[in-house]
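Student: I should like to go through this model and ask what justifies each term applied to it.
Tutor: Please look at the sequence and structure first.

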Amino acid sequence: MKNKQEEGNIKVLVKDMNLFYKDFQALKKINLEVRANQITALIGPSGCGKSTFLRTLNRMNDLIEGVRVEGTVLLDGQNIYSPDVDVVALRKRVGMVFQRPNPFPMSVYDNVAYGPRIHGIRNRRRLDEIVETSLRRAALWDEVQDRLFKSALGLSGGQQQRLCIARLLAVEPEVVLMDEPSSALDPISTLKIEELIQVLKKDYTIVIVTHNMQQAARVSDITAYFLNGELVEWGVTEDIFTRPQDQRTEDYITGRFG
């Protein structure tokens with residue numbers, strides 16, 4: 001296993017993690033460091049375990065019947081799979097943006113204010129501040145400030161995805177998980193999402209699943225290559241793409257895989 005990246009504190013540390021769907025082992029002895037304020041890209045062919053792994057970082061797999069996780073996932077040194085962990089609080093700290101935009105069928109404003117309201121914020125002035133700040137952080141404010149109280153479903157696909165990012169940022173997460181956040185978007189919207197990700201890493205730790213290797217090369221600091229439920233190799237993105245240590249990684253990067 002390769003790791004030359006020594007800068008930054010370890011935000012998430014995964015040690016000897018296995019995941020089973022009943023009798024099927026989907027992830028096999030995964031070991032990975034996710035460093036604070038960096039972008040970690042997970043690459044690999046379909047069905048290799050990337051998205052399953054991503055969902056282990058905020059226990060989204062708990063929602064699937066028959067899933068069992070072994071090993072440890074440490075967030076700031078604390079095992080998120082300990083029995084006493086508050087899963088709701090965990091998912092506030094470690095939020096997720098999904099492949100397809102999923103705005104709620106309500107106004108732009110109410111989408112962003114939804115999380116803060118759930119967590120007890122009722123003051124209108126405070127909500128106004130959170131909504132504007134979150135939309136600005138998601139690079140969307142200028143496009144929607146005149147339509148805050150209109151349905152979010154009227155936004156374009158790219159705008160809807162940035163709204164979903166704003167909705168996540170409104171609850172002040174520490175880690176942002178992104179499962180192919182631009183795969184359903186056009187090239188211009190994809191570029192905006194990539195630019196946004198680069199800005200967000202100043203304040204957040206980001207883990208992104210992508211099928212687009214060019215995207216991984218453009219936006220990430222660290223790249224991890226998954227194959228058949230195994231983490232084959234991970235390290236500094238430039239090294240993974242130019243000097244991989246494992247032949248399987250090189251075969252995938254150069255298009256000889258499959």
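**Burial, rings and the chain**

Tutor: Phe-226 counts as buried, its relative accessibility being 0%. The model is a predicted one, in which local features need pLDDT of at least 70, side-chain atom pairs count only at pLDDT 80 or more, and totals for chains, interfaces and linings use all residues. Residues are numbered from 1 along each chain as its sequence is written, and side-chain values use heavy atoms, with hydrogens and water left out.

Student: Why is Phe-226 called buried?

Tutor: Buried means under 20% relative accessible area, exposed over 50%, and partly exposed in between (1.4 Å probe, protein chains only). Phe-226 has 0%, so it is buried under that cut-off. Phe-53 is also buried, with a relative accessible area of 0%.

Student: How many aromatic pairs are there by the ring rule?

Tutor: The count is four. Rings of Phe, Tyr and Trp (its six-membered ring) pair if their centres lie within 6.5 Å; planes under 30 degrees apart are stacked, over 60 edge-to-face, and the rest tilted.

Student: What makes the pair of Phe-53 and Phe-226 tilted?

Tutor: Their centres are 5.4 Å apart and their planes make an angle of 40°. An angle that is neither under 30 nor over 60 degrees falls to the rest, so the term is tilted. Phe-53 belongs to helix H1 (residues 50-56) and Phe-226 to strand E9 (residues 222-227), so the pair ties together parts 173 residues apart in sequence. Helices (H or I, at least four residues) and strands (E, at least two) are DSSP runs, numbered from the N terminus.

Student: Why is the pair of Tyr-109 and Phe-149 called stacked?

Tutor: The ring centres lie 5.1 Å apart with the planes at 25°, so the pair is stacked. Tyr-109 is in helix H3 (residues 108-118), while Phe-149 is in the loop between helix H5 (141-144) and helix H6 (157-169); the pair thus links distant parts of the chain, 40 residues apart.

Student: Which of these terms fits Phe-149, buried or exposed?

Tutor: Phe-149 is exposed, at 56% relative accessible area, whereas Tyr-109 is buried at 2%.

Student: How many helices and strands does the chain have, and what makes it as compact as a globular protein of that length?

Tutor: There are 10 helices and 10 strands. The radius of gyration is 18 Å, close to the 18 Å that the globule rule gives for 258 residues, so the chain is as compact as a globular protein of that length. That radius is taken over C-alpha atoms, and the rule is 2.2 Å times the number of residues to the power 0.38. Of the 258 residues, 50% count as buried.
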